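Welcome! Open your viewer, get ready to select residues, and follow along one stop at a time.

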Amino acid sequence: MFLATRVFVPQFIAFIVATKTDLADDKHSSHVSDEVARAFGDRIGYVDLFHVSARTGEGVEEMLTSVAEHLSRLRSPSTSLRTAYQREKETEDKDRAACAC
């Protein structure tokens, strides 16, 4: 999935978000270590790892702020998703026009 996303969306940004941190001490909850999460993140080219809890709100503001900052850096006419889609469409149209089928 990540490879396909990178092919179609070149400005792909990945964040790893560990949720339900308020349940970290719960013996019934599963837990992925930061080391394992970061190793996975290194494989997909992640930006950052966040620990959040929707119940308590812990870490949510920091995560959203970081996501917004990264997205705002991508938000220029030359790198917008719409522009990328338009370039892809133009390439397809040129290829179709060049075809002698």
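Here is a short tour, from the whole chain to single side chains.

**Before you click**

This is a predicted model, so a few filters apply: local features need pLDDT of at least 70, side-chain atom pairs count only at pLDDT 80 or more, and totals for chains, interfaces and linings use all residues. Residues are numbered from 1 along each chain as its sequence is written, and side-chain values use heavy atoms, leaving out hydrogens and water.

**Stop 1: the whole protein**

Show the cartoon view and look for 4 helices and 2 strands. Helices (H or I, at least four residues) and strands (E, at least two) are DSSP runs, numbered from the N terminus. Along the sequence they come in the pattern α-β-α-β-α-α.

Now switch on the surface. It comes to about 7,900 Å², with 57% belonging to carbon and sulfur atoms; such accessible areas come from the Shrake-Rupley method with a 1.4 Å probe, and for residues only the protein chains shown count as cover. Of the 101 residues, 20% count as buried. Buried means under 20% relative accessible area, exposed over 50%, and partly exposed in between (1.4 Å probe, protein chains only).

**Stop 2: helix 2**

Select residues 34-44, which form helix 2. Which residues are buried here? They are Ala37, Gly41 and Ile44. Looking down the axis of helix 2, you will find these buried residues within an arc of 65°, so they line one face of the helix. The arc is taken from the directions from the helix axis to the C-beta atoms. An α-helix has 3.6 residues a turn, so residues three or four places apart point the same way. Turn to the other side of helix 2 to see Glu35, Asp42 and Arg43, which are exposed. Just after the helix, Gly45 has a positive phi of about 75°.

**Stop 3: Tyr46**

Next, select Tyr46 in strand 2. At 18% relative accessibility, Tyr46 counts as buried. Setting aside residues up to four places away in sequence, Tyr46 touches Ala14, Ile16, Arg38 and Gly41; contact means heavy atoms within 4.5 Å. Try measuring from Tyr46 to Ile16: they are 30 residues apart in sequence, but their C-alpha atoms are 7.0 Å apart in space. The side chains of Tyr46 and Arg38 also make a polar contact of 3.2 Å. A polar contact is a pair of N or O atoms within 3.5 Å; within protein, one must be able to donate a hydrogen and the other to accept it, and residues adjacent in sequence count only if both atoms are side-chain atoms.

**Stop 4: Arg55**

Move on to the loop between strand 2 and helix 3, where Arg55 lies. Is Arg55 buried or exposed? Arg55 is exposed, with a relative accessible area of 67%. Beyond its neighbours within four places in sequence, Arg55 is in contact with Asp22 and Leu23. The side chains of Arg55 and Asp22 are joined by a polar contact of 3.3 Å.

**Stop 5: helix 3**

Finish by selecting helix 3, where Met63, Ser66 and His70 are buried. Seen down the axis of helix 3, its buried residues fall within an arc of 70°, so they line one face. Strand 1 (14-18) and strand 2 (46-51) are among what covers them. Zoom in on Ser66, which touches Phe15 and Phe50, not counting residues up to four places away in sequence. Then rotate to the face turned away from the buried side, where the exposed residues Glu61 and Leu64 sit.
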